[in-house]
Amino acid sequence: MRSMTAEEIQALPAAVGVPIAGRALGVGRTLSYDLARRGEFPVPVLRVGYRYKVRRADLLMALGIPDMRGAARTRTRTAPTSPTPPYDTDRTTSCGQYSTTALSQADDEPG
């Protein structure tokens with residue numbers, strides 16, 4: 001069994017199966033599953049249905065490898081913007097409902 005390089009581990013998807021995580025740690029498939037079942041795997045294991053998954057971030061942290069993919073994503077994120085409505089909020093909607101402005105103006109009218 002060949003261990004994985006730091007570059008190969010960084011290129012893994014966000015979550016991998018126990019055999020791949022074990023290979024990154026230098027542990028065989030059978031021992032990886034045994035450790036996961038006993039709750040003794042070196043990194044946290046998630047149970048997804050009948051499958052065992054390991055997060056890439058946890059694996060990298062355990063091995064002391066910086067998460068270059070996560071760092072790149074964090075720098076490029078921007079705050080979400082709320083979309084501007086494509087309609088005039090001071091008028092009625094197509095189904096006859098009034099906006100809050102129209103309702104407040106109707107309250108001011110006598111009658």
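**Exercise 1. Does Asp58 count as buried or exposed, and at what relative accessibility?**

Before solving, some ground rules. This is a predicted model, in which local features need pLDDT of at least 70, side-chain atom pairs count only at pLDDT 80 or more, and totals for chains, interfaces and linings use all residues. Residues are numbered from 1 along each chain as its sequence is written, and side-chain values use heavy atoms, with hydrogens and water left out.

Step 1: find the residue. Asp58 sits in helix H4, residues 56–63. Helices here are DSSP runs of H or I with at least four residues, strands are runs of E with at least two, and both are numbered from the N terminus.

Step 2: apply the cut-off. Buried means under 20% relative accessible area, exposed means over 50%, and partly exposed lies in between (1.4 Å probe, protein chains only). Asp58 comes out at 16% relative accessibility, so the verdict is buried.

Step 3: look around. The Asp58 side chain makes a polar contact of 3.2 Å with that of Arg55. A polar contact is a pair of N or O atoms within 3.5 Å; within protein, one must be able to donate a hydrogen and the other to accept it, and residues adjacent in sequence count only if both atoms are side-chain atoms. Leaving out residues up to four places away in sequence, Asp58 also touches Val43 and Pro44, where contact means heavy atoms within 4.5 Å.

**Exercise 2. Which residues of helix H3 are buried?**

Step 1: list them. In H3 (residues 29–38), they are Ser32, Leu35 and Ala36.

Step 2: look down the helix axis. These buried residues fall within an arc of 100 degrees, so they line one face of H3; the arc is taken over directions from the helix axis to the C-beta atoms.

Step 3: check both sides. The buried residues of H3 pack against helix H2 (18–25) and strand S3 (51–55), while the face turned away from them carries exposed Thr30, Arg37 and Arg38.

Step 4: step off the end. Just past H3, Gly39 has a positive phi of about 75 degrees.

**Exercise 3. What does Tyr52 touch?**

Step 1: place Tyr52. It lies in strand S3 and is buried, at a relative accessible area of 17%.

Step 2: pick out contacts beyond four places in sequence. Among them are Val16, Gly17, Tyr33, Ala36 and Arg47.

Step 3: add distances. Tyr52 and Gly17 are 35 residues apart in sequence, yet 6.0 Å apart in space, C-alpha to C-alpha. With Arg47, Tyr52 shares a side-chain polar contact of 3.4 Å.

**Exercise 4. Which members of the largest nonpolar core touch the most other members?**

Step 1: define the set. A nonpolar core is a set of buried Ala, Val, Leu, Ile, Met, Phe, Trp, Tyr and Cys residues joined through side-chain atoms within 4.5 Å.

Step 2: name them. Of its 17 residues, the answer is Ile9, Leu12, Val18, Ala21, Phe41, Val54 and Leu59.

Step 3: see who supplies the core. H2, H3, S3 and H4 each give at least two residues, with H2 giving the most, 3.

**Exercise 5. Where is confidence lowest, and where highest?**

Step 1: recall the scale. pLDDT is the predictor's confidence in each residue, from 0 to 100.

Step 2: read the extremes. Helix H6 (residues 100–108) is lowest, at a mean of 52, and strand S1 (residues 15–17) is highest, at 96. The protein averages 78, with 61% of the residues scoring at least 70.

Step 3: draw the lesson. Where pLDDT is low, don't read the predicted coordinates in detail.
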